[in-house]
Amino acid sequence: MQKLVIIGAGMASGRVLEHLRDTAPDTFEITLFNAEPRGNYNRIMLSPVLSGEKTYDEIVTHDDAWYADNKVTCRFGEKVIAVDRARRVVIGENGEVPYDKLIFGTGSSPFIIPLPGHDKQGVVAYRDLEDTTAMMQAAGKPNARAVVIGGGLLGLEAAAGLRLRGMEVTVLHISTHLMERQLDEAAGYLLRRDLEKRGINVILQASTQEIVGGAAAEAVHLADGTVLPCDIVVMAVGIRPAVQLARDCGLTCGRAIEVDAQMQTSDPDIYAVGECVEFNGNLFGLVAPLYDQAKVLAKTLLGEEDAFKLRELSTKLKVTGCDLFSAGDFAGGDGREDIVFRDPGRGVYKRLVIEDDQLIGAVMYGDTADANWFFGLIKDGTDISEMRDSLIFGPAFQGGAQADPMAAVAALPPEAEICGCNGVCKGTITAAIEGGATDLGAIRATTKASASCGTCTGLVEQVLSVTLGDAFVLPAAQPVCKCTDLTHEDVRRLIKAQQLKSQPAVWQQLAWKTPNGCHVCRPAINYYLLADWPLEYQDDLQSRFVNERNHANIQKDGTYSVMPRMWGGITTPDELRAIADAADKFKVPTVKVTGGQRIDLLGVKKEDLTDIWYDLNQAGMVSGHAYSKGLRTVKTCVGTDHCRFGTQDSTGLGIKLEKKLWGSWTPHKVKLGVSGCPRNCAEATCKDVGIICVDSGYQVSVAGAAGMDVKETERLHDARTEEEAIEWVAAFVQLYRENGKYLDRAYKWVAKVSLDWVKETLADDATRAALNERFEISQSVYRKDPWADHNQSRAALYQPLADLTQEAAE
Amino acid sequence: MDAALDLPVKTFIEVAEIWIPEGDRLVLAEGHYGALDSFADASRHASFARGEGLPGKAWAEERPVVLKAFDGSYFQRTEAAQEAGLTAAVAVPVFSGKTLKAVLVVLCANDNVRTGAIEVWKENDGVLMLDDGYYGAARHFEWVSQHTHFPRGQGLPGGVWASQTPMLMRDLGSGYRFIRADSAGKAGLTTGLGLPIPVPGGATYVLALLSALGTPIARRFELWDARAARVGKAEKSAVLADGICAREGALWVGETEEPRRVAAWQGVIGRVLATGLPAVESGTSALTHGYDTLVALPIHLDGEVAHIVAWYC
């Protein structure tokens, strides 16, 4: 009988044993080494053992009796020290075993980030029963806290298990969304929401700096200064194939042990299977291909022909109640199309990626019923062109009638709930329609349906349409873009009503039709989010136009214009010298005095931007935001200091206003003017906000224009003091920020909402104070110089990609 | 699994019965009474209006109701129950949206050896508090439970609440939140079945059945997932998501295998799936995997039978 030695009693080698037992039970005399003091168990089910939803006994695949029945000599708890290929022996801690055929099933080891403190007690990986037991013990302490580093499959399963065990759990993930290798941003958002509902704290883009404590871990420090006290730190950041033994005995290894399609290594009598294997450059971590390998290897050992083939893999997460699925390639790209289905009410998101009439990727959250069918289409490369229109609805809809939303609404029984917020059912709405409410406004007034959060507006309109037939015409409001049927106003209202604080939240909860929006809606949504949630939402540069992204105006030859801020149009000899020096140093071809009372340097190369900003920063100047949908300039005249006609210190007020408002983002650009007397040298009456100083105080007027349209400002308020004028201006700007449609200048917005409404709103002292307060909260984030920020953190992005070695000009 | 390894002397639950609305009253649809013939007889002749007796109270108050003593209570079959040695009962209403589908009533016999727990947890101020519970002889555990609360995601009740899914926990001894875990371990409670009980009005209730070694609540548990979002819309069916059995061991399958699936009307589970009504089956060994009795309880969510929980004893 041939002697077969197996190193490692994992799931792959266990499956090899099962195949040998089933097909040729007496062919080999088998010795099985395992460094863990136990045999084969279903390692991927450790998560439910951790949570208490399974026992270890339930996940044992082969127990002692099984090994005895199948005459496998077990050397468990014994490490293999070396393999002597010349003598064909495996050298264990307790002695040698000769082999005719040898299988490496050494699996993988968890990767531990070499952070300061990573070797303290209480820092565990998540790989085997010992790790699981350590976590269970940590959870036994009252009010115990865990930090899980890694928001991938294993980390999240550990987090959910520890939470069920009663711990306070924080997950740290370095990426912008959870499970980024398996999920897109939208599904990652839903997963995060689901985990947060379980009381798990999730911190994204978390940069872990160090694990502190005495002998044992006591807290995790993040780079942003956050301190997370903890009793245990679980590192689940990835695995590495365990190949040292194979390498030491001279087998060919790349990232893992290289094998051919028969699982044979560079030594014809030695095979490898499982996570320690590299095949055609691929590594393996999921169980399905491991089982395929095991089958091929068993056949190879018995002299039968078979070959291992790579196949598409799918992912599932073992957290009770989290239904997700992903398979294939779901990156966007040219020539790829997305089909997206969202059901915000049920928390469902499905996305299919199609290329050349084939389904190449699928991501699903909340509804995974058809996952296997989609997976089959991906694996088989089926031509889906015939069923493209109804593909997203799954196999049940193929060959049948297409889903008609109106038919679905018509089929709803009278007791079906339409408006969840106010508990209004279809029957109530139908009765109201029959009672004479024939448009949305009347339905809102009579039934309250769609009067709160508004997500059912479309549904209410469909009920109107179904009931009234062609007597009801769906309102043709202009949607934001092709990604949604909602208007800007709807989106703004819903972002506030539903407390949507991230782009993925907007895409999902407002049922966006595309995965991540488009070039039209992204800048608008980015603005709405940062205006409504300044502290919670982080400005997304990728959602900005190029000028705002690069904090300079791109010119028609691809160069940029750079314009430092001159507060109220006042400058100094030092500033002028610095500007002149910068113009010389960077060979600026054009230096222009602008209509906004400042100096523009035109023709600056992109790669020079950070350096010229640095020089100007050194001279005390900051960005003039000449490129932004935000505060541009405050134009002033010289006022009482020098002018014989001046009634107030218009320059001083202009400077104060500019210093208060600079850096704030608004729906469109905002320009101010402050004139010291009604002669209006600062041309204040054609600005978004204009102030005319008079003997009795300050006439604040708004909604002027001097561009494509020319319009005089309208009087908003007469202020007696400078403070009062500033308070009104800031309140007006904040009201515009909170209510304006993106890319509506202030005069267009005021025309829509009416000046009377603006006056009435701002006349209330409490409202004005609250607007000022919210403006200041926002400014605590945005009143900062983007040049200095970019110099520090984003300088590399301004360098040309073609020449990475170019030295900085400094 | 430990809970079901040894042959029990007595099970924790003696009687299980299902009351369904007929007109404006609840009538007995089916029940398992073991050898308690006279109580069975009394029940067959009973019916309850809304608010009347224990089933009627669960209907009227739209919540699970625990009744720990019959004497002087609204319980209407007190005499027959006392003769049968039954001392406590729990009524669980099964609602589909606002519609009452049925009321499941389980009755227990009190003596000093039967340990187990049937608990009702209710959300209050963002945490789950014990609404009421029947604990048999596990008095200390009862006291501890009264002084415990569960945030979302923690422990069996918190886990069920957060996931809106029934859960079967094998390891209450070390995991059921430390303070209860300690006491649960001492009381011999090892296995726990938790399930969401949806009621009109949106209040959150979680029912937990905790089973002990000597007097198990059941010897086989099955959790069936019937959500269209999991099993598809083409054909009404349910898959066995989790389960344990004293005889067959673990009932779940690994990631690469297909779970057991039943279609509507296929067997008792299929019947529950099709009708949306709970079922009690006894005396037909083929239908009850060799056990005396099977209780199957549907959980209706979003207008569909989303889950079916079954226990066999």
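This passage describes the fold, the cores and the chain contact of a predicted model.

Chain A has 810 residues, of which 46% count as buried. Its secondary structure comes to 26 helices and 38 strands. Along the principal axes, the C-alpha atoms of chain A fill a box of roughly 115 × 75 × 55 Å. Contacts that span long stretches of sequence are frequent by count: of those in chain A between residues at least 6 apart, 62% join residues at least 24 apart.

Helix H1 of chain A covers residues 11-23. Its 13 residues should span 18 Å at 1.5 Å a residue, and the end C-alpha atoms are indeed 18 Å apart, so the two values agree. The buried residues of H1(A) are Met11(A), Ala12(A), Ser13(A), Gly14(A), Arg15(A), Val16(A), Leu17(A) and Leu20(A). Several elements of chain A cover them. Among these are strand E1 (2-7), strand E2 (28-34), strand E3 (72-76) and strand E7 (101-104). Helix H9 (287-301) of chain A is also included in the cover.

Further along chain A, 4 strands form an open sheet with antiparallel pairing. Their order is E28-E29-E31-E30. Strand E28 (553-554) and strand E30 (590-593) of chain A are at the edges; each has a single partner strand, so one side of each lacks a neighbour in the sheet. E28(A) pairs with strand E29 (residues 560-562) of chain A in the antiparallel sense, over 2 bridges. Here Asn553(A) stands opposite Ser561(A) in E29(A).

Another open sheet of chain A has 5 strands, in the order E32-E33-E34-E35-E38. Its pairing is mixed. The edge strands are E32 (631-636) and E38 (714-719) of chain A, and each pairs on one side only. From one strand to the next, the twist averages 20°. Within this sheet, strand E33 (residues 670-675) and strand E34 (residues 689-694) of chain A pair in the parallel sense, over 4 bridges. Gly673(A) stands opposite Gly690(A) in E34(A).

Helix H21 (residues 650-661) of chain A lies across three strands of chain A: E32, E33 and E34. The helix runs at about 170° to E32(A). At 1.5 Å a residue, the 12 residues of H21(A) should span 16 Å; the end C-alpha atoms are 16 Å apart, which agrees. Of these 12 residues, 9 are buried, so H21(A) is largely enclosed by the rest of the structure. The buried residues are Ser650(A), Thr651(A), Leu653(A), Gly654(A), Lys656(A), Leu657(A), Glu658(A), Lys660(A) and Leu661(A). They pack against E32, E33 and E34, and also against helix H22 (722-739) of chain A. Just after H21(A), Gly663(A) takes a positive phi of about 90°.

In soluble globular proteins, nonpolar side chains tend to be buried together. The largest nonpolar core in this model has 104 residues. Those with the most contacts inside the core are Val103(B), Leu104(B), Val106(B), Ile308(B) and Ala310(B). Strand E6 (residues 99-109) of chain B gives the largest share of this core, 9 residues. Ile308(B) touches residues including Trp224(B), Ala226(B), Ala238(B), Ile269(B) and Val272(B), with neighbours up to four places away in sequence not counted. Leu273(B), Ala296(B), Leu297(B) and Pro298(B) are also among the residues that Ile308(B) touches. Another core, of 94 residues, lies apart from the largest one. Val169(A), Leu191(A), Leu359(A) and Met364(A) are among its members.

The two chains touch. The contact takes 35 residues from chain A and 31 residues from chain B. On the side of chain A that touches chain B, the elements that give two or more residues are helix H3 (56-59), helix H6 (153-164) and H9 of chain A. H9(A) gives the most, with 3 residues. By class, this side of chain A has 12 nonpolar, 10 polar and 13 charged residues.

Val231(B) is one residue that reaches across to the other chain, through a contact with Ala369(A). Its place is in helix H8 (residues 228-231) of chain B. Val231(B) is buried, because 21 other C-beta atoms lie within 10 Å and 20 are enough. Leaving aside neighbours within four places in sequence, Val231(B) is also in contact with Asp225(B), Ala226(B), Ser237(B), Ala238(B) and Val239(B). The C-alpha atoms of Val231(B) and Arg261(B) are separated by 9.2 Å, although the two residues are 30 residues apart along the chain.

Methods
Residues numbered from 1 in each chain as written. Chains lettered and ligands numbered in written order. Predicted model: local features only at pLDDT ≥ 70, side-chain atom pairs only at ≥ 80, totals over all residues. Pairing = 2+ DSSP bridges. Axes fitted to C-alpha atoms, helices over the stretch in contact; angles between N-to-C directions. Contact = placed C-beta atoms within 7 Å. Core = buried A, V, L, I, M, F, W, Y, C linked by C-beta atoms within 7 Å. Expected span 1.5 Å × (residues − 1). Nonpolar A, V, L, I, M, F, W, Y, C, P; charged D, E, K, R; others polar.
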